[in-house]
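Colleague: I have the structure open and would like a quick tour. Can we start with a strand pair and work outwards?

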Amino acid sequence: HKQKEIIVMINETRRCVAAIAYMMIAGKAANGVFDYTLGGFYNMGCTFRGNYISLFDYRRSCYVSGYLPNLFDYSTTSYINLRKGVNIIDGFDYHTASYFNVTVNGSNVTIFDYQVAKYYRFSVS
């Protein structure tokens with residue numbers, strides 16, 4: 001029989017999550033994300049007021065926005081759930097049904113994806 005294909009969280013979603021996690025912890029807007037896994041800087045337009053976050057991903061020309069903990073990714077047409085702890089954020093990507101957590105240390109953001117058991121590093125500015 002055919003093995004069920006696992007859909008993995010996409011890099012674009014991960015980059016958006018890194019920027020949003022940074023804003024949740026740092027309390028200030030992000031302008032972009034440097035992706036250490038793929039290399040390169042990705043511009044983003046971000047605003048947030050209280051629980052509301054709106055991020056425009058210039059690479060995909062789409063928004064990820066909504067009220068925390070549930071944000072809607074218009075590119076994948078699915079929700080991302082983000083719950084804040086102390087300097088760590090627990091997340092769930094409905095598009096790929098994958099759990100992850102995000103650690104924010106200054107401008108350095110690390111995402112651990114449980115589905116693939118891998119770390120992804122970003123720098124947010």
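Modeller: F34 has F41 as its bridge partner in β2. Bear in mind that this is a predicted model.

Colleague: How many bridges join β1 to β2, and which way do they run?

Modeller: There are 3 bridges between β1 and β2, and the two strands run antiparallel. The hairpin they form has 5 residues between the strands. In that hairpin G39 takes a positive phi near 80 degrees.

Colleague: What do F34 and F41 make at the surface?

Modeller: Together with Y36, they make a nonpolar surface patch of about 280 Å².

Colleague: Where is Y36, then?

Modeller: Y36 sits in the loop between β1 (32-35) and β2 (41-49). Y36 counts as partly exposed because its relative accessibility is 39%, and that class covers values from 20% to 50%.

Colleague: What comes after β2?

Modeller: β2 pairs with β3 in the antiparallel sense, over 6 bridges. One of the matched pairs is M44 with D57 in β3. The β2 and β3 hairpin has 2 residues between the strands, and G50 there has a positive phi near 60 degrees.

Colleague: Zooming out, what do the strands close into?

Modeller: A barrel of 10 strands, in the order β1-β2-β3-β4-β5-β6-β7-β8-β9-β10, with antiparallel pairing. From one strand to the next the twist averages 25 degrees.

Colleague: And where does helix α1 lie?

Modeller: Helix α1 (residues 11-26) lies across strands including β1, β2 and β3 (52-57), and runs at about 140 degrees to β3.

Colleague: How many bridges pair β8 with β9?

Modeller: Strand β8 (residues 98-105) pairs with strand β9 (residues 108-113) over 6 bridges, in the antiparallel sense. V102 has I111 in β9 as its bridge partner.

Colleague: Changing topic to backbone oddities. Which peptide bond is cis?

Modeller: The one from L68 to P69, with omega near 5 degrees. P69 lies in the loop between β4 and β5. For context, most peptide bonds are trans, and most residues other than glycine have a negative phi.

Colleague: What phi does T77 have?

Modeller: T77 is not a glycine, yet its phi is positive, at about 50 degrees. T77 is in the loop between β5 and β6.

Colleague: Is T77 buried or exposed?

Modeller: Exposed, because its relative accessibility is 57% and the class needs over 50%.

Colleague: And what about A117?

Modeller: A117 is also not a glycine, and its phi is positive at about 55 degrees. A117 lies in the loop between β9 and β10. With a relative accessible area of 53%, A117 is exposed.

Notes:
Residues numbered from 1 in each chain as written. Predicted model: local features only at pLDDT ≥ 70, side-chain atom pairs only at ≥ 80, totals over all residues. Heavy atoms only, no water. Patch = residues over 30% accessible without salt bridge, like charges linked within 9 Å, V, L, I, M, F, W, Y side chains within 5 Å. Areas by Shrake-Rupley, 256 points an atom, 1.4 Å probe, with all protein chains shown as cover. Salt bridge = Lys/Arg side-chain N within 4 Å of Asp/Glu carboxyl O. Helix = DSSP H or I, 4+ residues; strand = E, 2+ residues; numbered from the N terminus. Buried < 20%, exposed > 50% of the residue type's maximum accessible area, 1.4 Å probe, protein only. Pairing = 2+ DSSP bridges. Axes fitted to C-alpha atoms, helices over the stretch in contact; angles between N-to-C directions. Contact = heavy atoms within 4.5 Å.
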